[in-house]
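Dear colleague,

I am handing over the structure we spoke of, and I would be grateful if you could look through it alongside the notes that follow.

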Amino acid sequence: MKRSTALAAAAIPLALLLSLGTGPGDIGLGEALRTVARRLAGDELDLRGAIVWDLRLPRALLAGLVGAALAAAGALCQGLFRNPMADPGVLGVSSGAALFAVVGLLLGLDRAGLWAIPVVAAVGAAAAMGLLLAAAGRRASLAVLLLAGVALGALCSALITVCQALASHQWDFGLKVVYWLMGSFEGRSWPHLSWALPPCGLGLGLALWLRRDLDALHLGTDAAASLGVDLARLRLLVVVAVGLLVGAATALTGVLAFVGLVAPHVARMSSGPGHRLLVPLAALHGASATIVVDAVARSASGVVIPPGVITSLVGAPFFLWLLRRRGLRGLAS
Amino acid sequence: MTPRREPGDVPGACLEPIGARGRRGAGSKCHGPRSTLPAVPRRLAAVLFALSSCTGEPEPAREPGDPPARRIVSQTILSDEVLWALGPAAQARVVGVSALADDPRYSGAAGVWPPAVPRRALTSEGLLALQPDLAVIASFTAPEVRELLSTHGVRLLELTQFRGFADYRAHVRRLAAVVEDPAAGERLVADLDARLARLAAREPAPRLAAISWGDGHAAAAGTSFDDIAEAAGLSNLAKEKGLEGHVPVALELMVSWDPPVIVIACPAAEPDDPACRAAEAATAALPGVRATAAARDGRIVAVPGRALTSTGEGMARAAELLQARLGAGPP
């Protein structure tokens, strides 16, 4: 393991410790760690224990998983399209998840239980992915795939706006949509983590498996084909992996902007353009960054700052700084 | 902390008499900052968004010499409710009610207005077509619509403060004055006070602390829930924590307070609706909530949103429902 990967991996437990010791419940890190140890030993937990075990720990782990998923999806998209500006949103999968979530909120499905909106959003992500593949065709070029994704995302965004316009007199619906679209880990616990693990695990596994083909594609489509890469199969698998990763992340936490765009660039600064290191390193960076962002969001008890807003507030200036420092060409290499 | 209002206090209703076409009346007092609420809980949004603040100087409902309002278009749920409750004389002057008047999730007057009375959204053409001489509007009414109504000689009555029973009494009196039936207004106020007296007579012991919480926000001091809790014989936990207004309270913070009672709104017209039980179960299933005293003692109480988020008669209904659920003695 390279030093950069080891450092990135070490940052995750540190971020988890920060997250465990942060929150409006006035429970410090020491007490939080003792609580985790007691629970692992099978002890029953009191109220403060429940805060640590049922609230802080699962949402920190979920934040890490979602951050890793979005960052890995971003690395895949940038690799597939050989475009440093590509992020997981370009395929329209997150927009599909958001559209279905909004329709679910409009129909009042959120009252059916905590599972309802994530399930509906996951169906939306899958539907968007299927529609994308159907619209672009299995043998479509990268440009067609990219444009089909952009069009699909625009269509979903327009339909979300239609839903909001049609229900503009239902102010509680409007606020629910706004909060959902801003992205949040509030109230997420073990069930959400267990729902996220299978698709994210499968997506991350696919992402790691595709690294070699993406490295070949980095040399150009002709070179990749001459090296034996089945480009149509690669496109299909990348779309499936991104769909799983982004669909699950968006379904469970709403829209978290910039993680998928910035984390691969940060990873590329130390790993270089090769996807063998880039994909896992981006995932590690995305995980630790998202855990820290959520901890920061929770540390301000007097106001509600959704993590999705913080990722944008931090991510956008950071990305501008990167652009200024390295230029667009530098980002791509 | 906002001082509690007494029955004789005057809320910040703003009436804008229009003297000449094309300009607002010189007596307009609606020049306070609009909608300065720091945050809005989702469950309470319908009312709070509609009724957020315009802190002008108190002003009489009718200025001397104003023509009586004979064609009133109501654009707030509260005025829909009050104008109906004031009786036939007031109802006869209403030429339009708000688009939410029949929505049982928000309105305590759902289904009572005859179909012949138009339901109107806040559009200038839709309102002007009714040829009103008075429009009861909300703080979110677009400035363009206000200006157009004013230009066409429609007086604007903006109800602005909604902090509990005192403001409700004053709003009732204002609307009763506008429809020239103050006696009907006094009857409504007397009915309310009688219900509050009955609630006070059977106040539960011990006095439990309750938090009205939903989707990361709580109702603290200076909110209608503060009055609801007091009327039901409860204390407002969020107020005891020094908070004011509708404020963000993260789930972790709410759980850490270990509330004995958690009050939530449910999207139903009546408390025995399955949606209310589902809302209680959903709140109990939130991470950490099952460890609270409220969950252990079965005191997560869902109250229909049109009562809990009401700024009118529904506040008394909410207090009665809370008292009934929390085991007070019979009336």
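In which helix is A:Trp190 found? A:Trp190 belongs to helix α8 of chain A, which covers residues 190–209. Please bear in mind throughout that this is a predicted model. With 15 other C-beta atoms within 10 Å, a count that lies between the 12 or fewer of an exposed residue and the 20 or more of a buried one, A:Trp190 is therefore classed as partly exposed. Although A:Trp190 and A:His218 are 28 residues apart along the chain, their C-alpha atoms are separated by 39 Å.

Turning to the nonpolar interior, the largest core has 196 residues, and those with the most contacts inside it are A:Ala69, A:Ala72, A:Leu76, A:Val242, A:Leu245 and B:Val303. Helix α3 of chain A, residues 47–81, supplies the largest share of this core, namely 23 residues. Chain B takes part as well, in that at least three residues of the core come from each of its domain 1 (14–24 + 33–193) and domain 2 (202–325). If neighbours within four places in sequence are left aside, the contacts of A:Ala69 are A:Cys200, A:Gly203, A:Leu204, A:Leu245, A:Ala248 and A:Ala249.

B:Val303, named above among the core residues with the most contacts, is one of the residues on strand β12 of chain B whose burial covers both faces of that strand. B:Ile300, B:Ala302 and B:Pro304 are buried on one side, while B:Val301 and B:Val303 are buried on the other, and in total 5 of the 5 residues in this strand, which spans 300–304, are buried. Strand β11 of chain B (residues 261–266) runs parallel to β12(B) and is joined to it by 5 bridges; within this pairing, B:Ile264 has B:Ala302 as its bridge partner.

For chain B as a whole, the secondary structure comes to 14 helices and 12 strands, and 57% of its 331 residues are buried. Of the contacts in chain B between residues at least 6 apart in sequence, 68% join residues at least 24 apart.

Back in chain A, helix α12 (residues 259–271) has 13 residues and reaches 18 Å from its first C-alpha to its last, close to the 18 Å expected. Because 10 of its 13 residues are buried, α12(A) is largely enclosed by the rest of the structure; among the buried ones are A:Val262, A:His265 and A:Arg268. A:Gly272, which follows α12(A), has a positive phi near 80°.

With best regards

Methods. Residues are numbered from 1 along each chain as its sequence is written. Chains are lettered from A and ligands numbered from 1 in the order in which they are written. This is a predicted model: local features need pLDDT of at least 70, side-chain atom pairs count only at pLDDT 80 or more; totals for chains, interfaces and linings use all residues. Helices (H or I, at least four residues) and strands (E, at least two) are DSSP runs, numbered from the N terminus. The expected span of a helix is 1.5 Å times one less than its number of residues. Two residues are in contact if their C-beta atoms, placed from the backbone, lie within 7 Å. A nonpolar core is a set of buried Ala, Val, Leu, Ile, Met, Phe, Trp, Tyr and Cys residues joined through C-beta atoms within 7 Å. Domain bounds come from an automatic or database domain assignment. Two strands pair if DSSP finds at least two bridges between them.
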